[in-house]
Amino acid sequence: MTILGIETSCDETSAAVLADGVVKSNIISSQLVHAKYGGVVPELASRAHLRLIIQIVDEALTKAEVKKENLDGIAATQGPGLVGALLVGLSFGKAMSFALQIPFVGVNHMEGHLYSNFLENDPSYPFLSLIVSGGHTMIVHVEEPLKHRLLGQTRDDAAGEAFDKVAKMLGLGYPGGAIIDELAAEGNSRAISFPRSFLEGGTYDFSFSGIKTSVLYYLRNNGMLDAEMKNPSIEKDHLKDICASFQAAVVDVLVSKTMAAAVEYKVKNISLAGGVSANSLLRTRMKEEAEKRHLKLLYPRIEYCMDNGAMIAYAGWMRLQHGLTSTLEIPAVANLELV
């Protein structure tokens, strides 16, 4: 079964071709236009997808050496994401499936991340997955293929969103996760005691708005921002310490909640997924804590951590194997929930 996967939920235009679950091509075009605005501008993202979608799909098919007439199905992201961006890929996928008279599958973007580890690994069921990205942070218990339960998610800012907002405060640009990770590697993670939000009642939900605010207050109280709370002036070594201390606080919460859930649900496999799963400290800490508990930790290569068509194609392939298809009337859903 040969599947084309299309992903346009945010600021990456991506298409991939999979043959029986094996990646034959995975083309990703990241939009650089948003950097000067410090975040993704929805209208600009939608226009960029419109310009790129035909080119990216053609490139994916060419690299895979597959003609569109030989496709057995098409999968495209239905949500969650920016609705205008979603509509580009979803509409293109539906139109192409109609023209070729082949099955179409609308895929939940988070389900794509959830099964991204299967592109190169083979987690045994049941397993626990920590999905961390710019818009979402959640812990999911996966009982068997396509049967999973959301244990907890962010109540406000996602981990990746906190990284981007703190990076903007520090004058580091957008996206901020990789820059903070790089600077933190040379800093002292114990230099500043930023709060860890664990919430009451032992819940597996997350909250990262507090640490974002704590960093802002730290900069303000130490005279590192101007009167308008902008234009940071921070000595280089101190900047590294701030990045290291902030990153450590976020990672502490992610790791501790994931491990607690792994113990409670008695799983032997844990997976990381989403853009923030590329963070070096998160990978190191998760590996250390997993080894202490004799758990197997899996995470995708960097290419599959970011938004990509391969994960959408894989999730679509799984659904088609189970006889699940979508009608061409399904809408783009900005806040689509993982069920």
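**Group meeting: a walk through the model**

Hi everyone, let's start with D20, which sits in the loop between β2 (12-19) and β3 (22-30). Before I go on, please keep in mind that this is a predicted model. D20 has a positive phi of about 50°, although it is not a glycine. Most residues other than glycine have a negative phi. Is D20 buried or exposed? With 52% relative accessibility, D20 counts as exposed, as the cut-off is over 50%.

There is another non-glycine residue with a positive phi to show you, and that is L146, at about 65°. L146 belongs to the loop between β7 and β8. Its relative accessible area is 18%, so L146 is buried, the cut-off being under 20%.

While we are on the backbone, let me turn to two peptide bonds. Most peptide bonds are trans. Which residues does a cis bond join, with omega about -5°? They are G79 and P80. P80 is in the loop that runs between β4 (73-79) and α2 (83-100). The bond from Y125 to P126 is also cis, and there omega is near -10°. P126 lies in the loop between α3 and β6.

P126 comes up again if we move to V142, a residue of strand β7. V142 has 0% relative accessibility, so it counts as buried. Which residues does V142 touch, once its neighbours within four places in sequence are set aside? The list is L114, Y115, Y125, P126, F127, K147 and H148. So both partners of that second cis bond, Y125 and P126, are on it. From V142 to S129 the C-alpha distance is 7.5 Å, and the two are 13 residues apart in sequence.

Now for the pockets. Rolling a probe the size of a water molecule over the atoms shows where empty space is left. In this model, the largest pocket holds about 1,400 Å³ of space. Its lining has 50 residues, and those nearest the centre are S133, G134, G135, D164 and Y174. Several elements give two or more residues to that lining: α3 (109-114), β8 (147-153), α4 (159-169), α5 (177-184) and α9 (302-305). Which of them gives the most? It is α4, with six residues. By class, the lining of the largest pocket has 22 nonpolar, 19 polar and nine charged residues.

The second largest pocket has a volume of about 210 Å³. It is lined by 15 residues, and K168, M169, G171, K230 and P232 are the closest to its centre. This lining divides into eight nonpolar, four polar and three charged residues.

That brings us back to α4. Why can we call α4 largely enclosed by the rest of the structure? Because eight of its 11 residues are buried. The eight are A159, G160, A162, F163, D164, V166, A167 and M169. Notice D164, which I named a moment ago among the residues nearest the centre of the largest pocket. M169 is likewise one of those closest to the centre of the second largest pocket. The cover over the buried residues of α4 includes β6 (127-132), β7 (137-144), α5, α6 (209-221) and α7. After α4 comes G171, with a positive phi near 75°.

From α6, I'd like to pick out K212. Is K212 buried or exposed? Its relative accessible area is 17%, so this lysine is buried. Leaving out neighbours within four places in sequence, K212 makes contact with D157, K165, V166 and M169.

Last stop: helix α7, residues 236-264, and helix α8, residues 280-292. They pack at an angle of about 35°, and their axes are 10 Å apart. The crossing of α7 past α8 is right-handed. On the α7 side, the contact is made by Q247, A248, V251, D252, L254, V255, T258 and M259. They meet L281, L282, R285, M286, E289 and A290 in α8. By class, this contact has nine nonpolar, two polar and three charged residues. If you look at the numbering, it helps to recall that an α-helix has 3.6 residues a turn, so residues three or four places apart point the same way.

That's the tour. Thanks for listening!

Terms used: Residues numbered from 1 in each chain as written. Predicted model: local features only at pLDDT ≥ 70, side-chain atom pairs only at ≥ 80, totals over all residues. Heavy atoms only, no water. Axes fitted to C-alpha atoms, helices over the stretch in contact; angles between N-to-C directions. Helix = DSSP H or I, 4+ residues; strand = E, 2+ residues; numbered from the N terminus. Left-handed = near helix turned anticlockwise from the far one by under 90°. Contact = heavy atoms within 4.5 Å. Nonpolar A, V, L, I, M, F, W, Y, C, P; charged D, E, K, R; others polar. 1 Å grid on protein atoms, 1.4 Å probe; cavity = no way out; pocket = protein on both sides within 12 Å on 5 of 7 lines; lining within 4 Å. Points joined across faces, edges and corners; volume = space filled by probe spheres on them. Buried < 20%, exposed > 50% of the residue type's maximum accessible area, 1.4 Å probe, protein only.
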